[in-house]
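Here is my note on the model, set out as numbered points. Please read each point with the structure open.

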Amino acid sequence: MLIEREAVEAARLGGEALEALIVRLWPDAYRVAFAIVRDRGLAEDAAQEACATIARRLSSLKDSGAFTAWSYKIITNRALDTVRSRPASASLDEVRRVKTHIDSGDAFDLNEALGTLEPRQRATILLHYYGGLNSGEIGAALGIAPVTVRFHLMRARAALRKALAVADAAQPTEGVLLDVR
């Protein structure tokens, strides 16, 4: 998401400029919320609440150039709050669904692998790869130190590699030559 300083400054005055800013922000807000929450309805609610918060607090943003990191922080925190407020059984059901999916030998994609991560790890990966934020910006968004961000990235990458390797191993390899050098 790349939103120019001028657009942010104009949106601070409210009216159509603020509405236009929120319209530009919405697709990314929804994508990030959905990737963290993993439920369309809850993601829509989280993204709407985040956009409303951004609109309400825009005047308090000191540096318009920091809008991207600042807005991702609000979106991510709202989505993480939504995940925390869900009953624990929802997470267990999701794990069972993923395990069943792997055991059935069906295709396993990156989106499903992301679903196996803890919400904070998923948020870290998304902000880094999708949002293009560095560890300092991610740390500011999540309220953790940059070194902790790098730790979460390391752990999340390892978990993704493992999930994808398990999924790959579950796929039939009949007629496929593997290079094992």
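1. A residue is called buried under 20% relative accessible area, exposed over 50%, and partly exposed in between. Because its relative accessible area is 37%, Glu49 falls in the middle class and is partly exposed. Please keep in mind throughout that this is a predicted model.

2. Which residue does Glu49 meet in a salt bridge? The side chain of Glu49 pairs with that of Arg78, with an N to O distance of 2.6 Å. This pair links distant parts of the chain, since Glu49 belongs to helix 3 (residues 40-57) whereas Arg78 belongs to helix 4 (residues 67-85), 29 residues apart. Arg78, at 25% relative accessibility, also counts as partly exposed.

3. Arg78 has a further salt bridge, to Asp81, in which the closest N and O atoms are 3.6 Å apart. Both Arg78 and Asp81 lie in helix 4, with their positions 3 residues apart in the numbering, or about one turn of the helix. An α-helix has 3.6 residues a turn, so residues three or four places apart point the same way. Asp81 is partly exposed, its relative accessible area being 35%.

4. Through salt bridges that share partners, Glu49, Arg78, Asp81 and Arg84 are joined into one network. A search of the whole structure finds 7 salt bridges, and I would ask that the network be described with that total alongside it.

5. A salt bridge is also found in helix 2 (residues 15-37), where Asp28 and Arg31 are 3 residues apart and therefore separated by about one helical turn. The closest N and O atoms of Asp28 and Arg31 are 3.2 Å apart. Are these two partners buried or exposed? Asp28 is buried, with a relative accessible area of 11%, whereas Arg31 is partly exposed, with a relative accessible area of 44%.

6. Does the length of helix 7 agree or disagree with what its residue count predicts? At 1.5 Å a residue, the 12 residues of helix 7 (residues 119-130) should span 16 Å, and because the end C-alpha atoms are 15 Å apart, the two values agree. The buried residues of helix 7 are Gln121, Arg122, Ala123, Thr124, Ile125, Leu126 and Leu127. Following helix 7 comes Gly132, which has a positive phi, near 70 degrees.

Conventions: Residues numbered from 1 in each chain as written. Predicted model: local features only at pLDDT ≥ 70, side-chain atom pairs only at ≥ 80, totals over all residues. Heavy atoms only, no water. Helix = DSSP H or I, 4+ residues; strand = E, 2+ residues; numbered from the N terminus. Expected span 1.5 Å × (residues − 1). Buried < 20%, exposed > 50% of the residue type's maximum accessible area, 1.4 Å probe, protein only. Salt bridge = Lys/Arg side-chain N within 4 Å of Asp/Glu carboxyl O.
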